[in-house]
Amino acid sequence: MNSTKPMCLNGNVNQNNDNNSRRDSHGSYQEATHAVYNPTCTKINSRKKRKRKTDTRPPIDKASWLSILTFSWVTPLFIKGWKGTLKTEDLTVASYKESCKMNSHRLETRWAHLLTKHGSTDASLFSALLYIMRSDLIYSTIAMTIGFSTNIVSSTIVIVRLIAFTQLSEPDFIYGSLLVV
């Protein structure tokens, strides 16, 4: 009798004692003539399609510190602007850290704290603003100090040594490369 019994294609098989069935090398039953998909199998090898989460954060929030330092996070926008005119849809929303909602909340909270601590006559809006911008001021001051120091060192020390290096009769390639770097 050549009957077609339903079989799972993923290796789970209903009891099949027919002579036309055999086990393959993976241990699943295969019918000698053909296999038929059985939707009543207990285990079906189906993968759930994962919904791809779209990242709606602005590019600056996804950027690393090096990308922020070199402004490479904004390169795709520069390229799009170079190829053609930019539209409003091309621009991203501002970072939540830089949004008016967050910063106005921070300022209101600090202002309320100063009013309760010092009273309305001694509270200073300048000190409230300085308080909420302190981390940005500290980071930018450190970056500017490093930049100015590097500029002073490179112009006074490295350039003098580089000029002296060019006048050597047998220059050392590694030393010259380090000076240039």
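## A buried serine in a loop

Ser95 has a relative accessibility of 3% and therefore counts as buried, since the cut-off for that class is under 20% relative accessible area. The model in which this serine is described is a predicted one. Ser95 belongs to the loop that runs between helix 3 (75-83) and helix 4 (100-122).

Which residues does Ser95 contact, once its neighbours within four places in sequence are left aside? They are Pro58, Ile60 and Asp61. With Asp61 there is also a polar contact, in which the two side chains are joined at 2.6 Å.

## The chain as a whole

The protein chain contains seven helices and two strands. Their order along the sequence is β-β-α-α-α-α-α-α-α, with both strands preceding the helices.

The protein chain has 181 residues, and 13% of them count as buried; Ser95, at 3% relative accessibility, is one that meets this criterion. The accessible surface of the chain amounts to about 15,600 Å², and carbon and sulfur atoms account for 61% of that area. When contacts between residues at least 6 apart in sequence are considered, 36% of them join residues at least 24 apart.

## A salt bridge at the helix 3 loop

How many salt bridges does the structure hold? The count is one. The partners are Asp90 and Lys80, whose side chains meet at 3.7 Å, taken from N to O. This pair links distant parts of the chain, with Lys80 placed in helix 3 and Asp90 in the loop between helix 3 and helix 4, 10 residues apart. That loop is also where Ser95 is found.

Are the two partners buried or partly exposed? Asp90 has a relative accessible area of 23% and is partly exposed. Lys80 is likewise partly exposed, at 43% relative accessibility. Both values fall in the partly exposed class because neither is under 20% nor over 50%. In general terms, side chains of opposite charge can pair when their charged atoms come close.

## Arginines over a tyrosine ring

Two arginines are placed over the face of Tyr131. Arg110 lies at 3.7 Å from the ring centre, and Arg134 lies at 4.2 Å from the ring centre.

Aromatic rings can also be considered as pairs, and the count in this structure comes to one aromatic pair. Such a pair is described by the distance of the centres and the angle of the planes.

Conventions:
Residues are numbered from 1 along each chain as its sequence is written. This is a predicted model: local features need pLDDT of at least 70, side-chain atom pairs count only at pLDDT 80 or more; totals for chains, interfaces and linings use all residues. Side-chain values use heavy atoms; hydrogens and water are left out. Helices (H or I, at least four residues) and strands (E, at least two) are DSSP runs, numbered from the N terminus. Buried means under 20% relative accessible area, exposed over 50%, partly exposed in between (1.4 Å probe, protein chains only). Contact means heavy atoms within 4.5 Å. Accessible areas come from the Shrake-Rupley method with a 1.4 Å probe; for residues, only the protein chains shown count as cover. A polar contact is a pair of N or O atoms within 3.5 Å; within protein, one must be able to donate a hydrogen and the other to accept it, and residues adjacent in sequence count only if both atoms are side-chain atoms. Rings of Phe, Tyr and Trp (its six-membered ring) pair if their centres lie within 6.5 Å; planes under 30 degrees apart count as stacked, over 60 as edge-to-face and the rest as tilted. A charge sits over a ring if NZ of Lys or CZ of Arg is within 6 Å of the ring centre and within 35 degrees of the ring normal. A salt bridge is a side-chain nitrogen of Lys or Arg within 4 Å of a carboxyl oxygen of Asp or Glu.
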